[in-house]
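This briefing concerns a predicted model. It takes up charged pairs, then nonpolar cores, then helix packing and strand pairing.

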Amino acid sequence: MSAKPHFPPLDGSITVLPGLLDFHAEHNPDSPSALYPSPDATATSISFSDVAQATHRVAHGLRPDGTPGGRDVVVMLIHCDTILYVTMLVGIARAGMVVCILVYQLASDIDYLASLFLYLLAFPLKLLRIS
């Protein structure tokens with residue numbers, strides 16, 4: 001890890017996602033993107049480079065041929081740790097797809113489900129299971 005990190009420009013020249021991640025993967029590749037506590041009171045880190053590579057793998061899994069996204073929507077119902085959640089979200093955006101996040105706590109709310117269903121009718125859907 002370099003002693004002095006490089007910071008991204010704040011002039012709007014890069015996109016938020018995946019732009020910020022790509023910036024840090026290029027300029028601060030070994031800097032920690034996330035830290036996880038371990039049972040032995042140490043921290044395990046995941047570098048920006050590792051997270052960026054993982055988002056590319058997600059994007060390639062969704063669009064192996066690399067064709068640009070149209071109006072494809074990925075409905076994401078996910079219950080996992082934050083780094084996996086962000087990796088999936090950025091990978092889907094990198095693939096050029098629209099993300100619709102289904103909040104499982106609201107799944108019993110009929111108004112929420114009805115509005116989600118009407119929203120999704122506007123898009124061609126593909127079912128995808130990533131496990």
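A search of the whole predicted structure finds 2 salt bridges. One of them pairs Asp22 with Arg94, and the other pairs Arg63 with Asp72. The largest nonpolar core comprises 9 residues, and strands β1 and β2 run antiparallel.

**Salt bridges**

- In the pair formed by Asp22 and Arg94, the closest N and O atoms are 2.7 Å apart. Because Asp22 belongs to helix α1 and Arg94 to helix α3, this salt bridge ties together parts that lie 72 residues apart in sequence.
- Asp22 is partly exposed, its relative accessible area being 29%.
- Between Arg63 and Asp72, the closest N and O atoms are 2.9 Å apart.
- Arg63 has a relative accessibility of 10% and therefore counts as buried, the cut-off being under 20%. Asp72, at 14% relative accessibility, likewise counts as buried.
- As a general point, side chains of opposite charge can pair when their charged atoms come close.

**Nonpolar cores**

- The largest nonpolar core is made up of Val58, Ala59, Leu62, Val74, Met76, Met88, Ile92, Ala95 and Met97. At least two residues of this core come from each of α2, β3 (73-76) and α3. Helix α2 gives the most, with 3 residues.
- Another core, of 7 residues, lies apart from the largest one, and its members include Ala34, Ala52, Ile83 and Val90.
- Ala59, a member of the largest core, is in contact with Gly91, Arg94 and Ala95 when its neighbours within four places in sequence are left aside. Among these contacts, Arg94 is also the salt-bridge partner of Asp22, and Ala95 belongs to the largest core as well.

**Packing of helix α1**

- Helix α1 spans residues 19-27, and its buried residues are Gly19, Leu21, Phe23 and His24.
- The buried residues of α1 pack against α2 (48-62) and α3 (82-94). Helix α1 is also linked to α3 by the salt bridge of Asp22 with Arg94.

**The β1 and β2 hairpin**

- Strand β1 (residues 32-37) is joined to strand β2 (residues 43-47) by 5 bridges, in an antiparallel arrangement.
- Opposite Tyr36 stands Thr44, which is in β2.
- The hairpin has 5 residues between its strands, and Ala41 adopts a positive phi near 70°.

Conventions
Residues are numbered from 1 along each chain as its sequence is written. This is a predicted model: local features need pLDDT of at least 70, side-chain atom pairs count only at pLDDT 80 or more; totals for chains, interfaces and linings use all residues. Side-chain values use heavy atoms; hydrogens and water are left out. Two strands pair if DSSP finds at least two bridges between them. Helices (H or I, at least four residues) and strands (E, at least two) are DSSP runs, numbered from the N terminus. Buried means under 20% relative accessible area, exposed over 50%, partly exposed in between (1.4 Å probe, protein chains only). Contact means heavy atoms within 4.5 Å. A salt bridge is a side-chain nitrogen of Lys or Arg within 4 Å of a carboxyl oxygen of Asp or Glu. A nonpolar core is a set of buried Ala, Val, Leu, Ile, Met, Phe, Trp, Tyr and Cys residues joined through side-chain atoms within 4.5 Å.
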